[in-house]
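User: Please take a close look at one part of this structure for me and describe carefully how it sits among its surroundings. I would like one connected account that I can follow with the model open.

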Amino acid sequence: MLLTGCAAPASTVPESSEEQSRVSLRNDGAEAKLVLVELETSQARTAALREIADKYEADFPKTEIEIITLKNAQELEARLSAGGQTDLLELHSGWVPAYVEKGMLKDIKPYMEVWDEWYSLSAAAKQGARCMGEEHVYLLPASTSQDALYYRKDWFESYNDAHPESTLLVPRVWEEVEKAAAALSDQGAGLAVAGKDRLVDYMDSVVWSSVNVGRMADISAAYFSREFEGKSIFSLEQAQKGMSQFVSVFSQAVPAEALQWEEAEAAEAFQQGKTALLLAGEDVYPFLEENMEEGEWGVAVYPRGGAGLAVFSDDFAGWGVSAASASTETAVHFLCFLSNADNNTHLSKVTDTTPVHLTSYELDDFFLEGKRAVYTEMMKRSDWYQFASEPQRYEAYSGYRQEANDRLRDLLSGKTTQQDLLSWLGEYWDSAYAQEGKKW
């Protein structure tokens, strides 16, 4: 993979008066030292980062880049608290709200407006970048991770051999998940999920897929209605239909014990032949690849919902610029170099993760093969696969997911009703808006 420079094009000053009033994305050639702090992933990833940094230093000899590898979030927080130089830092998506609230990250949206490769980012990457609202960019994703549907390929083939008159399709919509779970029930108990702590993610997705992103006030706060200011989506007819579908699928297709499983337990149940289907993230793939025979299983796209869409949360990691950096412009310039299509594609291949540029699939056939082909399809079909986020900037968000998971578990076990849950969700987020206002 060629690691390309960006000196000339990225340093070009826009010509229009409107663009000239914006920030300039360039390295001015002044002496600068940047410290990039990564979270430990692999020696291969660190070596690839060093290779990219060396290329940048060759283009800009007066810029020195030091790479520091830390083991976890605690070490990163300790470094920042102690005032250790940090110009660029790696964060996971769930950490961003806290870092923003503490004023630790620079809002780099003005720079993104003049970065010519912003427009080749995938829908998932753009949503990740805007996770704090449409008008802000605090983190530029380096990779994304979406759930997919794993299935027992051998069971589907056996069923179809025995029933040539009624082909059982690998599910692409939620109704087909129910149908497949019922058809294969004599071999395994339906759909394995991480019910212990992710029921709210599944509920979000099925409801959002029915509501559609166009009815959301902002995709970074996807519980709020665009049409009814200050009100949640949960009183909308589409949300009620989505909740009905969630209840139908997760009560009929998901075994009761899965409501207490973590993702690793769900993957193990699927691997052991206890279920026909598994809804899980990319990180279970190596486990299945190591412990199942080729031909036993396959991976398919995430199921679409009532509006013909699959709308789901975006799990990602990426790079932010420290608010304390003494070389913000140079730091952002290097970030854009690190994140350009060539370099991001190279890093993604090294780490076997999903790249953030749509052009990556043209640069390397690696992303068109095996499991990667599924994620490529979801990335490229942004008309079908879209992304949204819970309203994480609200104080009301603290503790919400645990309570919502518990209430969803009660719903699926018959201890509460769908209408009671929708009423609670609506009142909870209507109240949050009334007390805290618009936070996106």
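Analyst: The account below begins with helix 14 and then moves outward to other parts of the chain.

The model is a predicted one, in which local features need pLDDT of at least 70 and side-chain atom pairs count only at pLDDT 80 or more, while totals for chains, interfaces and linings use all residues. Residues are numbered from 1 along each chain as its sequence is written, and side-chain values use heavy atoms, with hydrogens and water left out.

Helix 14 spans residues 328–338, helices here being DSSP runs of H or I with at least four residues, numbered from the N terminus, whereas strands are runs of E with at least two. Of its 11 residues, 10 are buried, and the helix is mostly covered; buried means under 20% relative accessible area, exposed means over 50%, and partly exposed lies in between, with a 1.4 Å probe and protein chains only. Among the buried residues are His333, Phe334, Cys336 and Phe337.

A partner of this segment is helix 3 (residues 43–59), which packs against helix 14 at an angle of about 125 degrees, with the two axes 11 Å apart. Such axes are lines fitted to C-alpha atoms, for helices over the stretch in contact, and the angles run from 0 to 180 degrees between N-to-C directions. Helix 3 and helix 14 are therefore oblique to each other, since angles under 35 degrees count as roughly parallel, over 145 as roughly antiparallel, 65 to 115 as roughly perpendicular, and the rest as oblique. Their crossing is right-handed, a term used when the near helix is turned clockwise from the far one by less than a right angle, with anticlockwise giving left-handed.

From helix 3 the contact (heavy atoms within 4.5 Å) draws on Leu49, Ile52, Ala53, Lys55, Tyr56 and Asp59, and from helix 14 it draws on Thr330, His333, Phe334, Phe337 and Leu338. The residues of this contact divide into seven nonpolar, two polar and two charged, where Ala, Val, Leu, Ile, Met, Phe, Trp, Tyr, Cys and Pro count as nonpolar, Asp, Glu, Lys and Arg as charged, and the others, Gly among them, as polar.

Cysteine 336, one of the buried residues of helix 14, has a relative accessibility of 6% and therefore counts as buried. The number of disulfides comes to zero, a disulfide being taken as a pair of cysteine sulfur atoms within 2.5 Å. Cysteine 131 is accordingly in no disulfide, and the nearest cysteine sulfur to its own, that of cysteine 336, is 17 Å away. Cysteine 131 has a relative accessible area of 9%, so it too is buried.

Further along the chain, aspartate 352 lies in the loop between helix 15 (341–351) and helix 16, and it has a positive phi of about 55 degrees although it is not a glycine. Most residues other than glycine have a negative phi. With a relative accessibility of 32%, aspartate 352 counts as partly exposed. Serine 360, placed in helix 16 (residues 360–363), has 0% relative accessibility and so counts as buried. Leaving out residues up to four places away in sequence, serine 360 touches Ala341, Asn344, Thr345, Pro355 and Phe367.

Two other helix pairs can be set beside the pairing of helix 3 with helix 14. Helix 18 (residues 400–412) and helix 19 (residues 418–436) pack at about 165 degrees, with their axes 10 Å apart, and that angle makes helix 18 roughly antiparallel to helix 19. Helix 18 passes helix 19 in a right-handed crossing, and the residues that meet include Tyr400, Arg407 and Leu411 in helix 18 and Leu421, Trp424 and Trp429 in helix 19. This contact divides into nine nonpolar residues, one polar and two charged.

The axes of helix 9 (residues 174–183) and helix 11 (residues 237–252) come within 10 Å and cross at roughly 20 degrees, so helix 9 and helix 11 are roughly parallel. Their crossing is left-handed, with Trp174, Glu175, Val177 and Glu178 in helix 9 meeting Gln245, Ser248, Val249, Phe250 and Gln252 in helix 11. Here the division is four nonpolar, three polar and two charged.
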